[in-house]
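Here are some questions on how the terms used for this model are justified. Each answer sets the value against its definition.

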Amino acid sequence: QNQILKHAKISPILEDRPINHSLNLTDTSSVPKPNASVLEIWGSSSLKGHVTISGAKNSALAIMAGALLCPEDCRLRNVPSLVDIGRMGQVLAALGVKLERQGNILDINARHLKQSKAPYEIVNQLRASFFVIGSLLARLGAAQVPLPGGCAIGARPVDLHVRGLQALGAEVQIEHGMVHAYVRGNGRRRLNGAKIYLDYPSVGATETLMMAATLAEGETILENAAQEPEVVDLANFCNAMGAKIRGAGTNTIIISGVPSLHSVDYSIIPDRIETGTFLVAAAITQSELTLSPVVPDHITAAIAKLQDIGMRVIQEAPDCLRIIPTGIIRATDIETLPYPGFPTDMQAPFMALLTLSDGDSVITETVFENRLGHVPELNRMGADIRIKGNNAIVRGVPLLSGAPVVATDLRASAALILAALAADGKTTIQGLHHLDRGYEKLEAKLQKLGARLQRVSDNSPIKASSVAHSPVNS
């Protein structure tokens, strides 16, 4: 069961493979089309006030997939209003699921789930929608899900998902870009518990296999599992429906299969990446802000780096943080790692902050190989950043200048907004389709804090910067 089926035409590359030093930092698919909206930001304004943090995008997406496990009503609270959430809703609707939304409350009813084939045109745009394969297999005994799409930040093959599902007793074939998985047998076809070791602590594979094992016969042990808060949130959601999952948040998760799950009313955790982004917004503009609701333990690594850089971060209440600048931005080194290490999703925002530091910083990206596309755009604004392999050497400069730039992925869009808030003059940012995937009402939240920005239509696209494939790029 550790071998891919002969029919499975996928490479033996592990998910979240090591960095490929030949970076292609220009993705033409990321360049916005004419007539897209742009964000105009006038920098050098200080911010002040309180930020309300939205529900976690990555938790909500996984939990929506997990709702397929339940044949009764599921009510999700604190669900952010985002493009990615809408796309996942379209996937569920195409599978026969009933969804109703009011504000940040999403009601999901998968009682009449019969369709086991997810639509290619949506899954191709949203990687997280691939995770429905685990729930579909557990509930229906069959699933047909296209190979996923999403942000162009690196290769994230589904080898770990496939091998894990095979270990649980599924037959898996990959043909013409479609993953076909099914459980042999007549009547109700259930997966069987197994001991599974993940070669890499992949969040997606951990969540997929945890969902698949929830309704399996017997016990499943996931070793070297991802420990991210979003994995814990999914486990808590499943347990609230009657699942028996323990160990989530550690590297060993044990799932005792149950015959069925029941209705639930569940609230999504706050978004730790949005929390970190607003903390950096305060730091880069030398502003004092409070943020809630937050879970400080979820962003320990980011808080530690902010303190290294020179910021004061104070926990004012169990779910409230205050950040106080000290007038200095010290250089520091950062290496992205799986949780509880420094999150790859905060790499770009922190790079924007370190462009204004006193000294040289080295940022090492170890999770995704194409996640330095924001470097040439920050340099366009006056930053001094060089790329060497999977390292970005950031030499602090006294001042950034407003410029026309293009966001290359979701977190790059946040980094450019942060840089623009501190820059002298006006910055125009294209590629807002990335931003809208993962930050709820970011512009309105920033305006409330005193930032000067507006979204306007534009029909003169900016050409993204290109970076040569040399060992050192300036």
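Q: What makes α1 and α7 helices in contact, and which residues meet?
A: Contact means heavy atoms within 4.5 Å, and helices are DSSP runs (H or I, at least four residues), numbered from the N terminus. Asn58, Ser59, Ala62, Ile63 and Gly66 of α1 meet Glu230, Asp233, Leu234 and Phe237 of α7. By class, this contact has four nonpolar, three polar and two charged residues; Ala, Val, Leu, Ile, Met, Phe, Trp, Tyr, Cys and Pro count as nonpolar, Asp, Glu, Lys and Arg as charged, and the others, Gly among them, as polar. The model is predicted: local features need pLDDT of at least 70, side-chain atom pairs count only at pLDDT 80 or more, and totals for chains, interfaces and linings use all residues. Residues are numbered from 1 along each chain as its sequence is written, and side-chain values use heavy atoms, with hydrogens and water left out.

Q: How is the packing of α1 and α7 described, and why is the crossing called right-handed?
A: The axes of α1 (residues 57–66) and α7 (residues 229–240) come within 9 Å and cross at roughly 35 degrees. Axes are lines fitted to C-alpha atoms, for helices over the stretch in contact, and angles run from 0 to 180 degrees between N-to-C directions. A crossing is right-handed if the near helix is turned clockwise from the far one by less than a right angle, and left-handed if anticlockwise; α1 passes α7 in the right-handed way.

Q: Why do β6 and β7 count as edge strands?
A: The open sheet has three strands in the order β6-β8-β7, with antiparallel pairing. β6 (142–146) and β7 (171–175) each have a single partner strand, so one side of each lacks a neighbour in the sheet.

Q: How do you know that β7 and β8 pair?
A: Two strands (E, at least two residues) pair if DSSP finds at least two bridges between them. Five bridges join β7 to β8 (residues 178–182), therefore the criterion is met. Met178 in β8 is the bridge partner of Glu175.

Q: What makes a space a cavity, and how many of 30 Å³ or more are there?
A: On a 1 Å grid over the protein atoms alone, a cavity is a set of points where a 1.4 Å probe fits but cannot get out. Six cavities of 30 Å³ or more are counted. The second largest holds about 70 Å³, the volume being the space filled by probe spheres set on the points, which are joined across faces, edges and corners.

Q: What makes Arg272 a lining residue of the second largest cavity?
A: Lining residues have an atom within 4 Å of a point, and Arg272 is listed among them, as are Tyr339 and Pro343. The largest share, three residues, comes from α9.

Technical notes: 1 Å grid on protein atoms, 1.4 Å probe; cavity = no way out; pocket = protein on both sides within 12 Å on 5 of 7 lines; lining within 4 Å.
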